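Work through these exercises with the sequence and the 3D view side by side. Try each task before you read its solution.

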Amino acid sequence: MSAAATTRTGGGSSLANRIVIYGLLLLFALVYLIPLFVMLVTSFKSMDEIQSGNMLALPQSPSFDAWARAWGETCVGLTCAGIKGYFWNSIKMVVPAVLISTILGSLNGYVLTKWRFRGHKLVFGLMLFACFIPFQAVLLPMATILGALGRFGADLESATGWNWGFGNPTVNLVIVHVIYGLGFTTLFFRNYYEAFPTELIRAAQVDGASFFQIFRRILLPNSAPIFVVTVIYQFTNIWNDFLFASAYAGSGDVMPMTVALNNVVNTSTGVVEYNVNMAAAIIAALPTLLVYVVAGRYFVRGLMAGAVKG
Amino acid sequence: MAFLEMSGLRKRFGSVEILKGIDITLDKGGFLVLVGPSGCGKSTLLNTIAGLETITAGEIRVDGQAINDLHPSKRDIAMVFQSYALYPNMTVAENIAFALEMRGVPKAERRLAVENVAKMLQIGHLLDRKPSQLSGGQRQRVAMGRALVRNPRIFLFDEPLSNLDAKLRVDMRTEIKRLHQTTGATIVYVTHDQIEAMTLATKIAVLKDGEVQQVGTPAEIYNRPANLFVADFMGNPAMNLLEASVVSEGGRTLLSLTRQGDDDIRLPVPASAAASGLDGRKVILGIRPEAITDRDGADRHAGTLEVVESVVEVVEPAGSDTFVVTHIAGKEVTARMRADTDAKAGSRLPFAFNLDKAVLFDPGTGRRI
Amino acid sequence: MTITTMPTARPEREAGAVSLRGKLQDALPKIVLAPSFAAVLVFVYGFILWTIYLSFTNSKTFPSYVLTDSRAYQRLWTWTFQSDPPSSWYTSITNLGIFGVLYIGVCLALGLLLAILLDQKIRGEGVLRPIYLYPMALSFIVTGVAWKWFLDPGLGLERTLHEWGFTSFHFDWIKNKDRVIYTVVIAGVWQASGFVMAMFLAGLRGIDGEILKAAQIDGATPVATYRRIVIPMLRPIFLSAFIVLAHMAIKSYDLVVALTSGGPGGSAWLPSNFMYEYTFKRNEMAVGSASAVIMLMTITAIIVPYLYSELRETNR
Amino acid sequence: MRTIVKAVAGALLASTAMVAGASAQTKEVQMLHWWTSGGEAAALNVLKQDLAKEGYGWKDVPVAGGGGDAAMTALKAMVAAGNYPTASQMLGYTVLDYAAAGVMGDLTETAKKEGWDKSVPAPLQKFAVYKGKWVAAPVNVHSVNWLWINKAVMDKIGGTQPKTFDEFIALLDKAKAAGVIPLALGGQNWQEATMFDSIVLSTGGPEFYKKAMNDLDESALKSDTMKKSFDNLAKLKPYVDPNFSGRDWNLATAMVIKGDALVQVMGDWAKGEFVAAKKQPGTDYLCYRFPGTDGSVIYNSDMFGMFNVPADRKAAQVALATATLSKSFQSAFNVVKGSVPARTDVPDTDFDACGKKGIADLKAANEKGTLFGSLAQGYGAPPAVANAYKDVVTKFVHDQIKTSDEAVKQLVAAINDAK
């Protein structure tokens, strides 16, 4: 039910109203689009045009040159093969981190709403408060622990002959993002499951389903909206993280996209190739943009379904 | 030995005691209705039987075996929930079969069982639908089917009809009654609707504030309420509860009821109460509307019939009967007259009090005398 | 009655009768929660303790574990009142005040406005919504340069308007030490208001239509309906959005760096910039830690009452 | 659900499969740096190729941003984790901090063999040698007290090389009269402070600079000379265009290159921009010492800090250090970078006029004892002090501190507080 569905009809001269409403919406849309527009037109311009022309002007002779260079030629450190290779680095870090943190969050939300125990509020409060810790403050102690984990992993490997993945920069980033994502994912799922009918859980219990069976057969199939919200949220945050990525995975072979992009656009000296930078920036942001554009509808639906308590 | 025994059940949430020592028993094949106003603990009591909530003290036994420490799934009970609690992601068939699946029943057997139940409840055509595509009544049937397919030792119903509209509620009530009669199942049923309680139960337990007020057959509860609460709660329209004082006049012990702007009324003491020792005391007279009638509508077998004239305040025709309201002892008194009564508001009318069906309560303790 | 208390703990007396498997089954929820909780305890609260500890040492470039004194706090305390010329810390906390209030306030107002407008049965909602939402998807590493250009009087809005003939237009806030923080607000609002819009939109769609019909029958105008009924009903969303925004405001770091490189004379700093600068750049880890502790205390003062009321509410 | 599990498992397997490659190889140098722009990367590639010839691989760890801030944060995290890189680009006191923390390696043997003691200027050795042990290999020497002037603009306004600060002001006035932006400045604290380094040297002379900016002598810091330095800084402010605040230094350089502005006061890394724009010294642009600072050099230096790596990675590290200080690399690298070699015995044949002057100035200053560390660049005092200094200068430039009296007072207080 839309709040407007009924109020709208109450308005006076509805045509004038509509014009004002659409006018405002379009105006805001234009303002919101300016940065993206600037980036887009710049990426299609030549360097001369960028330096002499207006940043809002359309390119005189649009060229995909900058895009091609950003994709396959621009230098990231000493390697000049564009930013295309860093997608995979980001993906193999982001996908496990998002999925693990989301699944853990949903399990936590499940326990915190449907299997409450003495002190569950305190536990939830502590986990929620964890969202607020500034990441700069955990950078070093986390590095210390990851380093210890790495040495432990090396010992483990020499003892068992099997590589467990500890100490691998990608694995480290997954661990970090899972830990610091737990607060949010737990919050989202808890609020969603709070509104989830408890009678369904009871019915399933009476039907003989176990803890995990209830989760897998009853809760998970009905959690799609909140999964969308959580995955979008986590995906964007983890994809865009620079601080942890640069500190824990700076070397060329594991460097996530944000660090590579930063190395392209944030060079301290030399002529700045704005067109290439902009193209690279847009390429690097494509996955998150796509997620929001494609899943935006489900995002609002998911929020409706309970991420927002209302 | 009774089939289901609850003894000394207590349940507390923090400092709040929800159940304060419940003792109820039920024979095999019985239909126990737990009734009471909201917040009385009836749903909690049901949940403790199901094992969905722990008890703080006491014991629940089924067939002589204590079950209060068993997991809900091990108690061999089935439950129908107020919201039906149908799994929205499963079809009707899957919903019904879920419990069997959880118990490792082979697929073929499950299908057979689902089909049988579906036939019994006439929901065969709905088996492939999702719960969201069903009407309220259909959901209700599916929820019952889910319970029936288990063939459990005890069925638990948690206000199963409260989400249905009036007509469907009556239909489903009949349906449940028929199911009980045909299957002989042992049922514990929670409702706040006293008509449901009366129609369905073989045994009613009235609860209030976590305590059992009275346990008995519907007739016992209705005719001989243990206290003012039960008297007031059961029956619609509610029992008239009138303050009276016991006086001795001419060697007879009589009830005296005051009236504003009219003579006091003198009524004989009902046979249900022992008259001795009441002299001079204040009592409360409980008399159901159907025991106050027009003169020729009165029960022909009535032993003590007393006719009193009173001013009619309101007339409420209800089709089969007409309810007439008058004012006695500072309270509205509802009488049940024939449909064709000529009562008019403001007119004086004779009211026939059938005191065979009346009871007396102690105003201090609220208990029946 | 929605209190859900599942059988988890059993009275001691039956312990012997219960099988190990059953016990395990009962403890399962806690076992499932335990790793997450333990991780949070160690990696959040452990690190907070670590930070508190460091703030009482004289850690410089690297952590030093010898407790010394509270000099870091004394310095922060002095800086707190050093307003002319403003100390970096004074600038940071006053900026956080300005930024926090404006950022949260404008985001809420704009998010609500956009949500209400979008909720008027708009054709093309599917196109507009992602336009408002997309800034949330981009990091400031991506959009920082574009914003910098846009706000730069020599390159962006001012120059463009001058070229279009509005030569009296003046917009050099990003170069102005007293105004630069407002440009940070602008970019911040641009980034987060769409997200807030989505939250409000979800809230509006969740409101029971009958209530609105009732309001209409009562003769409320659309404006009055929103002001008196709809917006008060969105209160829980205001709270959620406030928390989300407050946490983003307090954590805002890259926004300032990407947009202003700290601003003229460091006038755009926020406490997180201060903390990063002192911990990593100035090698005064004790001061950085102390500022982090103060930030956390501020967050605690804001969040804990919210958490408390929120969690108490669920105990209906 | 099952697909999710598969996806997770797949991604995890993929990441663990990389582990073997992630652990440091013995025939490989792991190098943390922030030289990511095209020219710098090209210069560094020379080193990579030199090492490749000797059979050593190169594991690149580039972290750009904030003039090395992001890289230093990453380095701190790596060191905290115990994963030392073979080497890292580092500046001044940072090397000493890490050495004091005991994480740096020892290259004394190599240094002896290669004769670094003699060829590397002594002031640089202060940062490359810790307690008698070589812990870093200096890559270059930048000098800060330079003017970079667009020759076409200079000719147009009929200017000549300013020898004193007053002449400098007169030159700027000419430019202003001609309608050119006289002074290109990027309003970021380090650029302002870098310029102020030169002003202090020009105002107070070499002795004073050393006392105030390297020894942090309080009497010098609160002296009238220092006050006068601030006054001189204030004199330069009117010649800066109003949009200077927050501008990157290379954009300021670009203003000079394009002729929008007459002059920039900047370290010789600015020359790299001119080189990249294919401009020739003498014909397109002019490089003069900051007026009144001839004969002295305020320097900073990029160093490769060498970490205490396990014995099996030591050979690679030695190879890296040797290659870094080899004459051929020093020449090739610094020609591109705009700086001068970190050893004084490198032939200047490949350098342009400005480079040759820089090399000669460095040598002379080293011999005369007028080679001073730049306070703004972190070679005058530890970072806490240097940043306190930058705070005061930038606040003065941006009118948060309004008088030179107040500035001196603040400077003394801030430096004492940070010491």
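The exercises below go from one chain, through its strands and a single residue, to the contacts between chains. Keep in mind that this is a predicted model.

**Exercise 1. Overall build of chain D**

Task: Describe the secondary structure of chain D and decide how compact the chain is.

Solution.
Step 1. Count the elements. Chain D has 20 helices and 15 strands.
Step 2. Compare the radius of gyration with the globule rule. The radius is 23 Å, and the rule gives 22 Å for 419 residues. The two values are close, so chain D is as compact as a globular protein of that length.
Step 3. Check the extents. The C-alpha trace spans about 70 × 55 × 45 Å along its principal axes.
Step 4. Look at burial. Of the 419 residues, 60% count as buried.
Step 5. Look at the contacts. Take those between residues at least 6 apart in sequence: 77% of them join residues at least 24 apart.

**Exercise 2. An open sheet in chain D**

Task: Which strands stand at the edges of the five-stranded open sheet of chain D, and why is one side of each left without a neighbour?

Solution.
Step 1. Write the order. It is β2-β1-β3-β13-β6 in chain D, and the pairing is mixed.
Step 2. Find the ends. β2 (57-62) and β6 (136-138) each have a single partner strand, so one side of each has no neighbour in the sheet.
Step 3. Add the twist. From one strand to the next it averages 30 degrees.
Step 4. Zoom in on one edge. β6(D) pairs with β13 (residues 302-306) of chain D in the antiparallel sense, over 3 bridges. There, A137(D) stands opposite F304(D).

**Exercise 3. Both faces of strand β12**

Task: Sort the residues of β12 (residues 297-300) of chain D by the way they point, then find the partner strands.

Solution.
Step 1. Recall the rule. Side chains in a regular strand alternate between the two faces of the sheet.
Step 2. Apply it. V297(D) and Y299(D) point one way, while I298(D) and N300(D) point the other way.
Step 3. Buried or exposed? All four of these β12(D) residues are buried.
Step 4. Take one partner. β7 (residues 140-143) of chain D pairs with β12(D) in the antiparallel sense over 2 bridges. N300(D) is the bridge partner of H142(D).
Step 5. Take another partner. β15 (residues 371-373) of chain D pairs with β12(D) in the parallel sense over 3 bridges. Y299(D) has G373(D) as its bridge partner.

**Exercise 4. One residue, V397(D)**

Task: Place V397(D) in its helix, classify its burial and list its contacts.

Solution.
Step 1. Locate the residue. V397(D) lies in helix α19 (residues 383-397) of chain D.
Step 2. Classify it. The cut-off for buried is 20 or more other C-beta atoms within 10 Å. V397(D) has 28 such neighbours, so it counts as buried.
Step 3. List the contacts beyond four places in sequence. They are G265(C), G187(D), E192(D) and K237(D).
Step 4. Compare sequence with space. A234(D) is 163 residues away along the chain, yet its C-alpha atom is 7.2 Å from that of V397(D).

**Exercise 5. Where the chains meet**

Task: Find which chains share the most contacts, then describe the contact of chain D with chain C.

Solution.
Step 1. Rank the pairs. Among the 5 pairs of chains that touch, A and C have the most contacts.
Step 2. Size up that contact. It takes 82 residues from chain A and 92 residues from chain C. Helix α14 (residues 274-307) of chain A gives the largest share of the chain A side, 15 residues.
Step 3. Sort the chain A side by class. It has 57 nonpolar, 18 polar and 7 charged residues.
Step 4. Turn to chains D and C. Here 26 residues of chain D are in contact with 24 residues of chain C. The largest share of the chain D side, 7 residues, comes from α19(D).
Step 5. Sort the chain D side by class. It has 8 nonpolar, 12 polar and 6 charged residues.
Step 6. Check chains B and D. No contact joins them, and their closest C-alpha atoms lie 14 Å apart.

Technical notes: Residues are numbered from 1 along each chain as its sequence is written. Chains are lettered from A and ligands numbered from 1 in the order in which they are written. This is a predicted model: local features need pLDDT of at least 70, side-chain atom pairs count only at pLDDT 80 or more; totals for chains, interfaces and linings use all residues. Helices (H or I, at least four residues) and strands (E, at least two) are DSSP runs, numbered from the N terminus. The radius of gyration is taken over C-alpha atoms; the globule rule is 2.2 Å times the number of residues to the power 0.38. A residue is buried if 20 or more other C-beta atoms lie within 10 Å of its own, exposed if 12 or fewer, and partly exposed in between; C-beta atoms are placed from the backbone. Two residues are in contact if their C-beta atoms, placed from the backbone, lie within 7 Å. Two strands pair if DSSP finds at least two bridges between them. Axes are lines fitted to C-alpha atoms, for helices over the stretch in contact, and angles run from 0 to 180 degrees between N-to-C directions. Ala, Val, Leu, Ile, Met, Phe, Trp, Tyr, Cys and Pro count as nonpolar, Asp, Glu, Lys and Arg as charged, and the others, Gly among them, as polar.
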